[in-house]
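The following paragraphs explain a protein model step by step, from its overall build to selected side chains. Please keep the sequence and the structure in view while reading.

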Amino acid sequence: NLTFSYGASLAAVTMTVGDVSIRRIPATFNLNQSGDVLVTVAVRDTRGMLTVKTMTITVLDYEKPSVEIISVERCNRSGVKESLGTCGLLNYRVGYSSLDGENQPTIRLKYRKTNEESYTDGGIVDSSPFIFGDGGLSVGSSYVVCLSVNDSLTSEGSNAEAYISGGDIPFNIRKGGKGASFGKFSEEDMLLDVGWNMRVS
């Protein structure tokens with residue numbers, strides 16, 4: 001807050017934060033350093049009078065949040081891994097800057113069948129491992145699983161994707177007889193799909 005005496009007005013101002021100086025008010029600073037940073041404000045009025053104020057602020061280090069999917073597998077509603085399970089068991093890792101506990105990440109899950117475009121909202125993810133799907137994952141379909149994370153400072157977080165295969169069975173003929181697969185359920189017409197490693201002699 002600036003006040004002047006004897007009818008004077010602002011002639012010049014220099015605001016310096018760390019090693020960055022700006023000659024206007026208000027000013028926004030993009031700092032490339034953290035820790036204790038010196039702030040100096042120098043104001044000169046139209047009479048030539050100069051006032052300088054200094055203080056030290058603490059700048060916390062910040063990085064955009066990140067998320068990584070470690071694994072995603074089929075399971076039952078209790079989280080026990082099953083090759084024909086109708087739920088998903090997600091393990092993930094998230095990175096974020098806590099800013100002394102003032103900043104928290106928000107992680108959202110969505111998933112879709114690989115041959116469809118629309119996603120099902122899996123809600124907010126609050127722990128790892130995390131069970132999702134509520135018994136609704138078809139054993140005959142594979143899925144794309146997507147995690148997104150942001151925090152209270154940015155909506156430009158990051159995303160991670162992984163896949164869940166269809167149920168693990170030795171052999172399957174697609175309904176209608178126009179597709180077949182080994183090691184998984186058949187998901188596409190006019191395709192012989194092999195979900196296992198294959199050796200041809």
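Two strands are said to pair if DSSP finds at least two bridges between them. Strands themselves are DSSP runs (E, at least two residues), and helices are runs of H or I with at least four residues, both numbered from the N terminus. With these terms in place, a hairpin can be located that joins β7 to β8 through 6 residues.

The structure is a predicted model, in which local features need pLDDT of at least 70 and side-chain atom pairs count only at pLDDT 80 or more, while totals for chains, interfaces and linings use all residues. Residues are numbered from 1 along each chain as its sequence is written, and side-chain values use heavy atoms, with hydrogens and water left out.

The protein contains 14 strands and 0 helices. Its radius of gyration, taken over C-alpha atoms, is 29 Å, well over the 17 Å that the globule rule (2.2 Å times the number of residues to the power 0.38) gives for 201 residues, so the protein is more spread out than a compact globule. The C-alpha trace spans about 95 × 35 × 35 Å along the principal axes. Of the 201 residues, 32% are buried; here buried means under 20% relative accessible area, exposed means over 50%, and partly exposed lies in between (1.4 Å probe, protein chains only).

The strands of a sheet pair through backbone hydrogen bonds, either parallel or antiparallel. One open sheet has 4 strands in the order β2-β1-β3-β4, with antiparallel pairing. At its edges stand β2 (20–22) and β4 (50–59), each with a single partner strand, so one side of each is left without a neighbour in the sheet. Neighbouring strands of this sheet are turned by 15° against each other on average, direction ignored; the axes used for such angles are lines fitted to C-alpha atoms, and angles run from 0 to 180 degrees between N-to-C directions. Strand β1 (residues 10–17) pairs with β2 in the antiparallel sense over 3 bridges, and methionine 15 stands opposite isoleucine 22 in β2.

Another open sheet of 4 strands follows the order β8-β7-β10-β11, again with antiparallel pairing. Its edge strands are β8 (120–125) and β11 (158–164), and each has a single partner strand, so one side of each lacks a neighbour in the sheet. The twist from one strand to the next averages 20°. Within this sheet, strand β7 (residues 106–113) and strand β10 (residues 143–150) pair in the antiparallel sense over 8 bridges. Lysine 110 stands opposite cysteine 146 in β10. The antiparallel pairing of β7 and β8 runs over 5 bridges, and the bridge partner of tyrosine 111 in β8 is threonine 120.

Side chains of opposite charge can pair when their charged atoms come close. A salt bridge is defined as a side-chain nitrogen of Lys or Arg within 4 Å of a carboxyl oxygen of Asp or Glu, and by this rule the count comes to 5. One of them joins arginine 47 and aspartate 45 (3.6 Å, N to O). Arginine 47 is partly exposed, at 44% relative accessible area, whereas aspartate 45 is buried, at 8%.

How are the parts of the chain linked by the salt bridge between arginine 93 and glutamate 68 (2.6 Å, N to O)? Arginine 93 lies in strand β6 (residues 87–95) and glutamate 68 in strand β5 (residues 66–75), so the pair ties together parts that are 25 residues apart in sequence. Arginine 93 is partly exposed at 46%, and glutamate 68 is partly exposed at 40%.

A further salt bridge is formed by arginine 77 and aspartate 134 (2.9 Å, N to O). Arginine 77 lies in the loop between β5 and β6 and aspartate 134 in the loop between β9 (130–132) and β10, so this pair ties together parts that are 57 residues apart in sequence. Arginine 77 is exposed at 57%, as is aspartate 134 at 61%.

Finally, Phe171, Ile173, Phe182, Leu192, Val194, Trp196, Met198 and Val200 make a nonpolar surface patch of about 840 Å². Two elements, β12 (171–173) and β14 (192–194), give two or more residues to this patch. Patches are made of residues with over 30% relative accessible area and no salt bridge, like charges being joined within 9 Å and nonpolar side chains (Val, Leu, Ile, Met, Phe, Trp, Tyr) within 5 Å. Accessible areas come from the Shrake-Rupley method with a 1.4 Å probe, and for residues only the protein chains shown count as cover. Valine 200 is placed in the segment after β14 and is exposed, with a relative accessible area of 69%.
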